[in-house]
Amino acid sequence: STRHCDEKMGFCSSRCILLFVLSLQLISTLERGVFDGLGRVWTPLAAGALNIVFVIVGIVGTARFKAKAVVSYAVWCVLWIAANTIIILIYLEVDVFVTNKKNPADNDYLNFGLNGTSWWISHGINCSLKCLISYKFVEIIHAGAQIFLAVLGFGVAVYVAIAFGDEDDHFDFVAADGFCNTGFEMSGKTGHMQLQPVTA
């Protein structure tokens, strides 16, 4: 039916949205990882590496219709949101997360006690005399962007994973190239091919 076809097309669209969000997460995590490495803040760098792994798992799962892989990515999103929330609290200098009262930027939770600090402290935006934007806000914006993408990714991933489960028994609407077909399947006998409507 037309409604059934629309639902299938909506499912395919949600896959495209999820792949787009995953791509943004991958790019933004790589960008952030470069600056974390330059500043020797190892905890966010290690967490970012894990995020890249799970994002790739999500991309593969979405492309190959693997519900378990998409669910794994969705579960990781919850942990990634929590990790970035803690990073925001650290840069807001919430007392419980401050490990060095004299120099809050030198935080053992971020650098494993190896004296690394945010790269943006000495390389901030327009810092010839006084930084236009404090390094704290740059790091908070980075973490906030990761939270936003993770929340969006979680929501779409849950929808896609449920759709994968619903369609396990009949993937007739998915062509070999991963795109929706028109709702017809090929039925062949010796000597001829005939298009027949797919029944619900």
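These are my notebook entries on a predicted model, one topic at a time.

**Entry 1: confidence**

I began with how far the predictor trusts its own work. The mean pLDDT of the protein is 75, and 61% of the residues score at least 70. Residues 1-7 fall below 50, and I found 0 contacts there beyond near neighbours in sequence. Another stretch, residues 169-191, also stays under 50. For residues 169-191 the model does have 36 contacts beyond four places in sequence. I then went through the elements: strand β1 (residues 184-189) has the lowest mean pLDDT, at 42. Helix α3 (residues 67-91) has the highest, at 94, and I went there next.

**Entry 2: helix α3**

I checked the span of α3 from its first C-alpha to its last. Its 25 residues reach 36 Å, close to the 36 Å expected at 1.5 Å a residue. Next I looked up which of its residues are buried. The list includes Ala69, Tyr73, Trp76, Cys77, Trp80, Asn84, Ile87 and Tyr91. Val78, also in helix α3, is partly exposed, with a relative accessible area of 46%.

**Entry 3: a nonpolar patch**

Val78 led me to the surface. Together with Phe154, Val158 and Ile162 it makes a nonpolar patch of about 320 Å². Which helix gives the most to this patch? I found that helix α5 (residues 135-166) does, with 3 residues.

**Entry 4: past the end of α3**

I followed the chain out of α3 and stopped at Glu93, where phi is positive, near 60 degrees. Glu93 is in the loop between α3 and α4 (108-111). Is Glu93 buried or partly exposed? At 28% relative accessibility I count Glu93 as partly exposed.

**Entry 5: salt bridges**

I searched the whole structure for salt bridges and got 2. As a reminder to myself, side chains of opposite charge can pair when their charged atoms come close.

One pair is Arg32 with Asp36, at 3.9 Å from N to O. Both residues lie in helix α1 (residues 2-39), 4 residues apart, about one turn of the helix. An α-helix has 3.6 residues a turn, so residues three or four places apart point the same way. I looked up their accessibility too: Arg32 is buried, and so is Asp36.

The other pair brought me back to Glu93, whose side chain meets that of Lys136 at 2.7 Å, N to O. Lys136 belongs to helix α5 and Glu93 to the loop between α3 and α4, so this pair ties together parts that are 43 residues apart in sequence. Their C-alpha atoms are 9.4 Å apart in space. Lys136 is partly exposed, at 25% relative accessibility.

**Entry 6: Gln146**

My last stop was Gln146, which sits in helix α5. Why does Gln146 count as buried? Its relative accessible area is 2%, and a residue counts as buried when that value is under 20%. I then asked which residues Gln146 touches, not counting those up to four places away in sequence. The answer is Ser28, Thr29, Arg32, Asn51, Trp80 and Asn84. Some of these I had met already: Arg32 is in the α1 salt bridge with Asp36, while Trp80 and Asn84 are among the buried residues of α3. Gln146 of helix α5 thus gave me a good place to close the notebook.

Conventions:
Residues are numbered from 1 along each chain as its sequence is written. This is a predicted model: local features need pLDDT of at least 70, side-chain atom pairs count only at pLDDT 80 or more; totals for chains, interfaces and linings use all residues. Side-chain values use heavy atoms; hydrogens and water are left out. pLDDT is the predictor's confidence in each residue, from 0 to 100. Helices (H or I, at least four residues) and strands (E, at least two) are DSSP runs, numbered from the N terminus. Contact means heavy atoms within 4.5 Å. The expected span of a helix is 1.5 Å times one less than its number of residues. Buried means under 20% relative accessible area, exposed over 50%, partly exposed in between (1.4 Å probe, protein chains only). Patches are made of residues with over 30% relative accessible area and no salt bridge: like charges are joined within 9 Å, nonpolar side chains (Val, Leu, Ile, Met, Phe, Trp, Tyr) within 5 Å. Accessible areas come from the Shrake-Rupley method with a 1.4 Å probe; for residues, only the protein chains shown count as cover. A salt bridge is a side-chain nitrogen of Lys or Arg within 4 Å of a carboxyl oxygen of Asp or Glu.
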